[in-house]
Structures are given as structure tokens and as C-alpha cells.
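Trainee: I am new to this structure and would like a close look at one part of it, with its surroundings. Please go slowly and explain each term as you use it.

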Amino acid sequence: MTDLSDDLIAPLPPLGVDDVPGWDHETDVLVVGLGAAGAAAAIAAADSGQRVVALERTGAGGGTSAMSGGILYLGGGTSTQTDAGFIDSVEEMQAFLAEVLGRDADDPRLAAYCAGSVEHHDWLLAHGLPVRGEFWPEPGMEPPGTEGLVFSGGENAAPYAGRHRPVPRGHVAATPGATGGFLMECLLAAVAATDATVLTDARAEQLVVDADGAVVGVRARVDGVVQHLRAGRTVLAAGGWAYNDELVRAHVPALLDIAWRLGTDNDDGWGLRVCQGVGAGLESLGTAEVALPITPPRRMVRCVLVNAQGERFVNEDTYFGHVGQAALLEQGGHVFMVMDEPRYEVNMTGMRATWVCETWDELGAEMGLPAGALAATMDAYNQAAAAGEDPAFGKDPEFVVPLTEGPFGAIDLRVAATIYAGFPLGGVTVDESARVLRTDGTAVPGLFAVGRVASSLAAARYCSGISLG
Ligand SMILES: Cc1cc2nc3c(=O)[nH]c(=O)nc-3n(C[C@H](O)[C@H](O)[C@H](O)COP(=O)(O)OP(=O)(O)OC[C@H]3O[C@@H](n4cnc5c(N)ncnc54)[C@H](O)[C@@H]3O)c2cc1C
């Protein structure tokens, strides 16, 4: 028997079918995990007439999806977009996402995601998720009211706004604030309305394979008792690996030190490891979503972000997920936000100035920056800003103002001083039908991976809503 606590990073080998003493359940589709991905898979399979058994390790399901913001990245001309007054097309959505996410424009997975997006939107609404066709202008955030549409991936900021017509695609259910809990209430109610059998307190431990290497089911512990479940298709929807410290240390160690690693204890990497155990490839393991919430309010982006050299590194008005990725993964989390007196305020997360000085030079010295670096950066910024321009990073002129009215202040945005929130994006390599692919590109018969078990579409920058979408 495999000891799950042995080594938290090694592939978990499957059980041979000859070692199964007998089957406790037989089904067409076996879904492992009941977060958003597993619930959607269970509903879709049951709706298409398949016999479905779903295993959920906790007492109720919901997973990380239930604690999320609930933003769903959908587009291509959904009725929510149209009702809010926006025009979108599958081609525009795909071109934008290919550039931001770092995927080939014709990646079949990206193409399938975009081509199916209107249908996915309508499917969610048909399964009980209310979404209102009204736009909320604060990018990246779940609206405080019931508005249903936000910018959630830097569509309306440089460099993308100049290359792609800015269209909001972050869809949010009509309930105030974070909507992940509500999303899961809707999806779990929709699962309950099907004929699917749901087993809770049921933890899958091992895949079962036949002599040809096809996955034919799982061994699980249901209410503490070992059971074997045979399935025509096994769909792994068991979440990610944000809370497998060994995997995080190996692939995205920067996440170990941040204030808020996004996920639950059950994001333990089990899904990745059992897939590796049957020869699956893994993708994008070094990529992570990292939010650095310098907004709201939006006017905070009139301030300037600098790195350890006192130099700017990003346009401050872009999606705070891109700011966070640049700050943590490219600048080592050694960044600051500087401002003059009129631009200073305490933002929604309570960030306050650590240093206040009469000149930029004094401020740079207090912050420990190289002599003269901050003053040089701000001289250049202010000269261009006087003409309403940001030639270095293309910040929207609406937010480009000279910062010349002292005293000058700096907010410490280094990792130990502020909230970075993030999770790893890499996972199992799948094709556009969610079939798990081996390292040689062939599919593992009978095995599918969805949600956070699979590699995200985001191989470079992230967009809020791509995970749940
Ligand atoms: C605060 C926060 C905000 C976020 N906001 C957004 C957002 O707005 N938009 C967005 O797209 N993403 C967001 N995310 C990320 C997103 O929530 C997750 O990536 C997504 O929910 C993953 O869904 P999933 O179905 O793959 O996994 P989960 O929702 O985690 O579901 C996995 C389920 O599998 C179960 N499970 C695990 N192992 C086993 C096992 N061995 N056997 C049986 N069951 C098992 C777990 O108990 C869990 O219920 C956010 C995350 C957080 C934490």
C-alpha cells in the first residue's frame, strides 16, 4: 500500500487491476473532487445520460472555488457583455488571451476555451447562476454590488490596450462582494438535481490501471473504509498544489514567503502526483498568479512603483495581478510605491507610508536605494508627466500627473511588509478534451484532468477568471 505521507513530491504509482479485491461501485464517469471543475464535470456527464459517481474528500465539497472571488473569464459575445453595451468576438478574445497568457494563438486548448465561451456562459446561467449585464469600472475586483462584468486581465491598460480592443470579460454572479461561495452553492445544487451519486468523506488515494496502462478506476477511502470504484472515464478535479510545500519549494519558491497562499490544505498536489504515476507530463510549473492589491481605489495608480534599484518596472495602472507577478517573480518582491503629498491615501488593504521625506533624494536614501536613483527616476517621470505622457510604460494619461508636491512618501511593498496573494498555475498536461497526456504526447486512456489539476492556460501572465472559467 502506498503511504501518502511518505514523500510529498514523488509520483504516486497506480494500483494494478489484478490487485483489486473486488469493485464496490461501477460507473461510466468517476469524478474526483467537487469544486467548480468537478461539479461542472459531474453535471455535464449526468446531463448527457452517463452514470456518474463523484468523490469528495471533505464533508460537502466547494473546495478553493468556494473561497474564491468567483470571477469567470468568459467572452466572445456573451449576453452579459452585450447587455452591458460591449461587443466582443471569439477571435478578439483568443488573440488577447494568447498574448497575455503566453500561449500560441492556435493552441487547441485556448481555441476550444474561446470558441466554447458563449456556450459555457449560457450553460452556467441555465444551471442557476444569475449574472447581470452591468459593468463595474474598478478592474480586477469583484463588484461590491451585483454588477456582472469587470476588466480582469489588463485589457484596458498598456501594453495590451493599444494592440487589442479593450473588452471586459470578467463575469461575476449577481451577489455582492466575493462570489465563489455563491457559485458553488449554485453548482452543488445543480449536481444534487442530477442522478449523480455523491460520496463525501471519500478520498481517492490511488488510480487503478489495467495491463495496457488504461485507467479503469480508483482506490478510495470512503468514511475511513477502503473501496474500489471502477469507471469508464476518471475525471480528476481534486484541486492544485498550493499547499504542497515541497512542490512549491521546487518550482515557485517565491510563494513560500508571501502572506497569503491561495488555496486550502487539500491543494496538496495529489492530482499531479497520480498523473505522473501513470506517465503524464507536467506544464508551466514555474508560473504563478500573484496579486498585489495596490487598488482600490483606482486613483492610487497615479503613484509610482519602483524596484530595489529605484527604477520603475511596470505601468501602475494595469491589472494588479500583473503588477504582483512583475513585483514578486521578476523583482524578487523588493518593490516600493512612492508618491507626493496630494496623492497619498490609505488604500482598501490599509497600506501606509513607511518613510516620509522632504526630497526624493532623502527618501531614496531612507529606503536604502542606490544614491540618486530615486530622484533620477522621478525627474524623468515628472518631466514626461508634465506633458501627460509615460513613454517608459504607457500608463493611461488619466493617471499620469507630476508628483512634485512634497513631502514625498514611500509605502514598503516588500514581501514581509505587505500582502501578496498567489497560487501556482502549473499542472498536468492535457489536450483540448481534457485528456491527460503522457510526456510523449499520447493520451492516457480513461484519464481526464480539469480545473487546477490541469495546467492553467496561463503560461505567462494571468487573468482573473481563467481558473474558474
Ligand atoms: C481568495 C481566492 C480568490 C480567488 N479568486 C478567483 C477568481 O475570482 N477567479 C478565478 O478564476 N479563480 C480564482 N481563484 C482561484 C480558483 O478559486 C481556483 O483555482 C479554482 O477554484 C480551482 O478549482 P478546482 O475545481 O480545480 O479545485 P477546488 O475548488 O479546490 O476543488 C477541489 C476539490 O477536490 C477535493 N479533493 C482534493 N483531493 C481529493 C481527493 N484525493 N479525493 C477526493 N476529493 C479531493 C477538495 O476537497 C475540493 O473540494 C481564487 C482563489 C482564492 C483562494
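Mentor: Two bridges join β11 to β18, and these strands run parallel; strands here are DSSP runs of E at least two residues long, helices are runs of H or I at least four residues long, and both are numbered from the N terminus. Before going on, please note that this is a predicted model, in which local features need pLDDT of at least 70 and side-chain atom pairs count only at pLDDT 80 or more, while totals for chains, interfaces and linings use all residues. Residues are numbered from 1 along each chain as its sequence is written, and side-chain values use heavy atoms, with hydrogens and water left out.

Within the parallel pair, Arg-261 has Gly-422 of β18 as its bridge partner. On the β13 side, four bridges join β13 to β18 (residues 421-424), and here the strands run antiparallel. Two of the partnerships can be named: Glu-289 is matched with Phe-423 of β18, and Ala-288 is matched with Pro-424 of β18. Taken together, the three strands form an open sheet in the order β11-β18-β13, with mixed pairing, where two strands pair if DSSP finds at least two bridges between them. The edge strands are β11 (260-261) and β13 (288-291), each of which pairs on one side only.

How are the two faces of β18 covered? Ala-421 and Phe-423 lie on one side and Gly-422 and Pro-424 on the other, and all of these residues are buried, meaning under 20% relative accessible area (over 50% is exposed and in between is partly exposed, with a 1.4 Å probe and protein chains only).

The surroundings can be followed through Leu-413 and Tyr-420, which, with Leu-55, have the most contacts inside the largest nonpolar core, a group of 59 residues. Such a core is a set of buried Ala, Val, Leu, Ile, Met, Phe, Trp, Tyr and Cys residues joined through side-chain atoms within 4.5 Å. This core draws at least three residues from each of domain 1 (15-67 + 182-288 + 421-453) and domain 3 (293-412), with domain bounds coming from an automatic or database domain assignment. Leaving aside residues up to four places away in sequence, Leu-413 touches ten residues by name, including Leu-292, Phe-336, Met-351 and Tyr-420, where contact means heavy atoms within 4.5 Å. Apart from this core lies another, of 29 residues, among them Ala-39, Ala-41, Leu-72 and Val-191.

The domain assignment also gives domain 2 (72-177). The C-alpha centres of domain 2 and domain 3 lie 29 Å apart, and their contact takes twelve residues from domain 2 and 13 residues from domain 3.

One more residue deserves a look, Asn-244, which is found in the loop between β10 (225-236) and α7 (245-251). Asn-244 counts as buried because its relative accessibility is 3%. A polar atom of its side chain lies 2.5 Å from the backbone oxygen of Leu-8, and the backbone oxygen of Asp-268 lies 3.0 Å from a polar atom of the Asn-244 side chain. Not counting residues up to four places away in sequence, Asn-244 touches Leu-8, Asp-267, Asp-268, Gly-269 and Arg-273.

Methods: Polar contact = N/O pair within 3.5 Å; in protein donor to acceptor, adjacent residues only side chain to side chain.
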